[in-house]
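Q: Got a minute to walk me through this one? I'd like the overall layout, then some local details.

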Amino acid sequence: MPDAPQFDEWCRRLKASDRAAYAELFEATYEPLFRYVRSITQSAEAARDVAQDTFIRLWEVRESLSPDQSLEAYLYRIARNRAYNHERNQRTRSEKEETVRDRTPAQPAPPTRPDDQADAEQFEDRLWQWIGELTDRQREALVLTRFDGLSHDEAADVMDISPRTVNNHIVRALKHLRERVHDYEPNLLGRDEH
């Protein structure tokens, strides 16, 4: 991730409607922002839509950006709000559809092939599944700090909580993930990890 001075520069240039700065910011932050939104929506398609919508919204409010505010945290806050709005809209839509149509039995997930167990891609999928088991706040704190590189203070700003609470969420999230990894592959973390 770019450093704070780079974000300050982009903020200044965005306020002046500099399209090159907007393109640079998009290029540098789209992937981490997408990962963050995906951790909320659990859907790559929805995450793409929300991430793109976040950048559109940023451009719309560019003239009101404050140089005293972290542009990175502001961008993540927009994404967070849009992601949760998307999830709420999806739930409402699903509930309405469910009342209209007859319920059908859920289809079981296809079984995994034993030879896929050692595959790194399979493990990554499981890791994201385990991350999906975390509470919303634990997942959000983990993705913001460990995947997207925000400091605890920046994550606290995005999540509208204290940095200490961010840390508490991360500690609980990592404990859960260590337990899941240990259950999946006991020797993966070494003997001292529990």
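A: Sure. From the N terminus on, the elements run α-α-α-α-α-α-α-α. That is eight helices and zero strands, where helices (H or I, at least four residues) and strands (E, at least two) are DSSP runs numbered from the N terminus.

Q: And what should I know about the model itself?

A: It is a predicted model, in which local features need pLDDT of at least 70, side-chain atom pairs count only at pLDDT 80 or more, and totals for chains, interfaces and linings use all residues. Residues are numbered from 1 along each chain as its sequence is written, and side-chain values use heavy atoms, with hydrogens and water left out.

Q: OK. How much of the protein counts as buried?

A: 35% of its 194 residues. Buried means under 20% relative accessible area, exposed means over 50%, and partly exposed is in between (1.4 Å probe, protein chains only).

Q: What share of the contacts comes from residues 24 or more positions apart?

A: They account for 61% of the contacts with a separation of 6 or more. Contact means heavy atoms within 4.5 Å.

Q: Let's do aromatics. How many pairs does a search of the whole structure find?

A: Seven aromatic pairs. Rings of Phe, Tyr and Trp (its six-membered ring) pair if their centres lie within 6.5 Å; planes under 30 degrees apart count as stacked, over 60 as edge-to-face and the rest as tilted. Take Tyr 30 and Phe 34: their ring centres are 6.2 Å apart and the planes are at 20 degrees, so this pair is stacked.

Q: Where do Tyr 30 and Phe 34 lie?

A: Both are in helix 2 (residues 19-41), four residues apart, which is about one turn of the helix. Tyr 30 is buried, because its relative accessible area is 12%, and Phe 34 counts as buried too, at 14%.

Q: Which residues form a cluster with them?

A: Phe 26 and Phe 55 join Tyr 30 and Phe 34 in one aromatic cluster.

Q: And which charged end sits over the ring of Trp 59?

A: That of Arg 62, 4.0 Å from the ring centre. The test is NZ of Lys or CZ of Arg within 6 Å of the ring centre and within 35 degrees of the ring normal.

Q: Switching to Thr 54: buried or exposed?

A: Buried, since its relative accessible area is 0%. Thr 54 is in helix 3 (residues 44-60), and not counting residues up to four places away in sequence, it touches Leu 33, Leu 75, Ile 78, Ala 79 and Arg 82. Its C-alpha is 9.8 Å from that of Tyr 30, with the two positions 24 residues apart in sequence terms.

Q: Now helix packing. How do people usually describe that?

A: Two packed helices are described by the angle between their axes and the distance between the axes. For helix 6 and helix 7 (residues 152-159), the axes come within 9 Å and cross at roughly 135 degrees. Axes are lines fitted to C-alpha atoms, for helices over the stretch in contact, and angles run from 0 to 180 degrees between N-to-C directions.

Q: So what orientation do helix 6 and helix 7 get?

A: They are oblique to each other: angles under 35 degrees count as roughly parallel, over 145 as roughly antiparallel, 65 to 115 as roughly perpendicular and the rest as oblique. Among the residues making the contact are Leu 144 and Thr 145 of helix 6 and Ala 155 and Met 159 of helix 7.

Q: What about helix 7 and helix 8?

A: Their axes come within 8 Å and cross at roughly 100 degrees, with helix 8 covering residues 163-184. That makes helix 7 roughly perpendicular to helix 8. The contact includes His 152 and Ala 156 from helix 7, and Val 166 and Ile 170 from helix 8.

Q: Back to Thr 145. What does it touch?

A: Leaving out residues up to four places away in sequence, Thr 145 touches Leu 150, Ser 151, His 152, Ala 155, Val 166 and Ile 170. Thr 145 is buried, with a relative accessible area of 10%.

Q: And Gln 138, what is it in contact with?

A: His 169, Arg 172 and Ala 173, leaving aside neighbours within four places in sequence. Gln 138 is found in helix 6 (residues 136-147) and is buried, at 12% relative accessible area.

Q: Last one: what's phi like at Asp 160?

A: Positive, about 60 degrees, although Asp 160 is not a glycine. Asp 160 sits in the loop between helix 7 and helix 8 and is exposed, with a relative accessible area of 70%.
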